[in-house]
Structures are given as structure tokens and as C-alpha cells.
Amino acid sequence: MKVLWAWLWAWLWCCSSYGVVSARNFSICREFAGNDFFDNFYFWKYNDPTKGKVDYVSRKVAQDMNLSYVDPANNRFVMQVDHMNEAVPLNGNQSDLGRRSVRIHSNNLYGDGVYILKASFMPQGCGTWPAFWSDGPSDWPSGGEIDIIEGVNGEGGNIASLHTAEACQVPNVTQLQQGSVMITDSATKQAPTNMDLGDAMQRWGKPQAFFGSDTGDASNGTNCPMNQIFQNHELVFDTT
């Protein structure tokens, strides 16, 4: 089985809307490429809250071990899992071993907008759990979490989902999106995908799912007041 350990992407755009949304008026508020990721994201070097077998390292360690760098040939930012060295003890426990990995969070918080990621490679295969997601500053799940791209062990489709505190219900919206409802409480949804494991990159398809209206209008089968239960978020990339 082929396992790909690295993220590699050219840029990330953040666009905010103005005027009438239906007119598709957008302006670019942020653009990240190459070393911009080092300047605008911080390296999470704490214990993995999902208890994955990973040791998230600091920026210095990531750069020293070549786990994160900018390819000078094309200005692409790279972050990857350590697959060259032996596993390391997690939290000093010699019986609990994991691999060094990288997790980065945006320095700023972001709200409503259009986010465009151009990725050349993403981790895939057995034992990989790549994710591009956003999270609020409050204790989880208060403030919400948006999982945009999430792969689990190289199996199944992209798990595009929302996580919220209580007060979000989406029971009857399957006709309005390509994904399928997995859990109606806390709005977890799965999006479609078209994966080709023989290819060097996952063909994720569209990570789109319908999560209800901003106002919590129950007439469309939802009760999920987005503007009340979602705060501004940090953008996060990691491989667990």
C-alpha cells in the first residue's frame, strides 16, 4: 500500500464578500504562499487533544528536521510527518510511541468568506489522518468547528463536517446537498469524494455539504443559527 506523508500546497486565499452576495462580489483579504505560512501561522507543539500517535513539534524542530520548508524551485510550502526516524515516546512514556508531525494554526481569526486552497499533494494511506479545518477560541465545541478536508486512515470519503454545541439540528436536508447526513445533532455531515489510491494525490471531490441557514429557519428542515453559534475561527492544518 502506498503511503504519502506530506502536505504540499502553493497558496491559500481568503476572500470576503461585500454588497449583494448573489452578485458574487468578493475582494481578496489575505493570500498565503511560500514563507507566508511561516509568517502567518504558528506551530502547535502541545499534546494531541484527539490522542493520536503524534508528537507535534515546534517550528524550529520542524525546520531542523526538514518536516516543514518552502521548496525553492516552486515556492510551495511543505509540511510532513517524520517517516525517516524511529518513533518517539509521547509525553515521556516509553511504552507509548508516536511519530513527529506538524500542526499549524493561523495567527488571525477569520469569519464569513470564500477560502480557496491549492494543494499539490496531501497525505494518504494507512495510518494517515490529514485535516484542513477551523476552530473557535472558546472551549470545544463552543464557537464551532468546521472540518473542510479530513481523511481517515486512507479509507472512505472526505469527512466534511460541522461540530457545534447544542442548538443545531439538521434532520431533513439531504435533498439540498451531495453529502449524506451522519448525525443530525451537532450537524456532522459527510461530503462526496472520488478517490484514486493509485494516484499520487487524493482526488477528494467537492467537500460541500448543506448545513442550514444563518437564521435557523426551521422551514427548510434545519434549526441552526450559524451567526449565533459560530465564532471567528483559526485556520488549521495537521496530520494526525
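A residue is called buried under 20% relative accessible area, exposed over 50% and partly exposed in between (1.4 Å probe, protein chains only). The views show a predicted model, in which local features need pLDDT of at least 70 and side-chain atom pairs count only at pLDDT 80 or more, whereas totals for chains, interfaces and linings use all residues. Residues are numbered from 1 along each chain as its sequence is written, and side-chain values use heavy atoms, with hydrogens and water left out.

**View 1. The salt bridge between Asp82 and Arg100 joins a loop to strand β8.** The side chains of Asp82 and Arg100 meet at 3.3 Å, N to O, a salt bridge being a side-chain nitrogen of Lys or Arg within 4 Å of a carboxyl oxygen of Asp or Glu. Asp82 belongs to the loop between β6 and β7 while Arg100 belongs to strand β8, so the contact ties together parts of the chain that are 18 residues apart in sequence. The two partners are covered to unlike degrees, since Asp82 is buried at 7% relative accessibility, whereas Arg100, with a relative accessible area of 22%, is partly exposed. The structure holds 3 salt bridges, and the other views of such pairs follow below.

**View 2. Lys53 and Asp96 form a salt bridge that links distant parts of the chain.** The closest N and O atoms of Lys53 and Asp96 are 2.4 Å apart. Lys53 sits in the loop between β3 and β4, and Asp96 sits in strand β8, with their positions 43 residues apart in the numbering. Lys53 is partly exposed, at 49% relative accessibility.

**View 3. Within helix α2, Lys60 and Asp64 pair through their side chains.** The N to O distance in this salt bridge is 2.7 Å. Helix α2 covers residues 59-64, and because Asp64 and Lys60 are 4 residues apart within this helix, about one helical turn separates them. Asp64 is exposed, with a relative accessible area of 56%, and Lys60 is likewise exposed, at 58%. Helices (H or I, at least four residues) and strands (E, at least two) are DSSP runs, numbered from the N terminus.

**View 4. Strands β4, β8 and β7 make up an open sheet with mixed pairing.** The order of its 3 strands is β4-β8-β7, where two strands pair if DSSP finds at least two bridges between them. The edges are β4 (54-56) and β7 (88-90), each of which pairs on one side only. Direction ignored, neighbouring strands of this sheet are turned by 65° against each other on average; axes are lines fitted to C-alpha atoms, for helices over the stretch in contact, and angles run from 0 to 180 degrees between N-to-C directions. Strand β8 (residues 93-101) runs antiparallel to β7, to which it is joined by 3 bridges, and Leu90 has Asn93 in β8 as its bridge partner.

**View 5. A second open sheet contains 6 strands in antiparallel pairing.** The strands follow the order β3-β9-β16-β11-β12-β13. At the edges stand β3 (41-43) and β13 (161-163), each pairing on one side only, and the twist from one strand to the next averages 20°. Among the pairs in this sheet are strand β9 (residues 103-106) and strand β16 (residues 234-239), which are antiparallel and share 3 bridges; His105 is bridged to Val236 in β16.

**View 6. Strands β5 and β6 form a hairpin.** β5 (residues 68-71) pairs with β6 in the antiparallel sense over 4 bridges, with Asp71 bridged to Arg76 of β6. There are 4 residues between the two strands, and Asn75 in the turn has a positive phi of about 60°. Strand β6 (residues 76-80) is mostly covered, 4 of its 5 residues being buried.

**View 7. Phe26, Val114 and Ile116 form a nonpolar patch on the surface.** Together these three residues have about 210 Å² of accessible area, calculated by the Shrake-Rupley method with a 1.4 Å probe and, for residues, with only the protein chains shown as cover. Patches are made of residues with over 30% relative accessible area and no salt bridge, like charges being joined within 9 Å and nonpolar side chains (Val, Leu, Ile, Met, Phe, Trp, Tyr) within 5 Å. Val114 lies in strand β10 (residues 114-121) and is partly exposed, with a relative accessible area of 30%.

**View 8. Cys29 and Cys126 are shown in a structure with 0 disulfides.** The search covered the whole structure for pairs of cysteine sulfur atoms within 2.5 Å. Cys29 is partly exposed, with a relative accessible area of 39%, and Cys126 also counts as partly exposed, at 46% relative accessibility.
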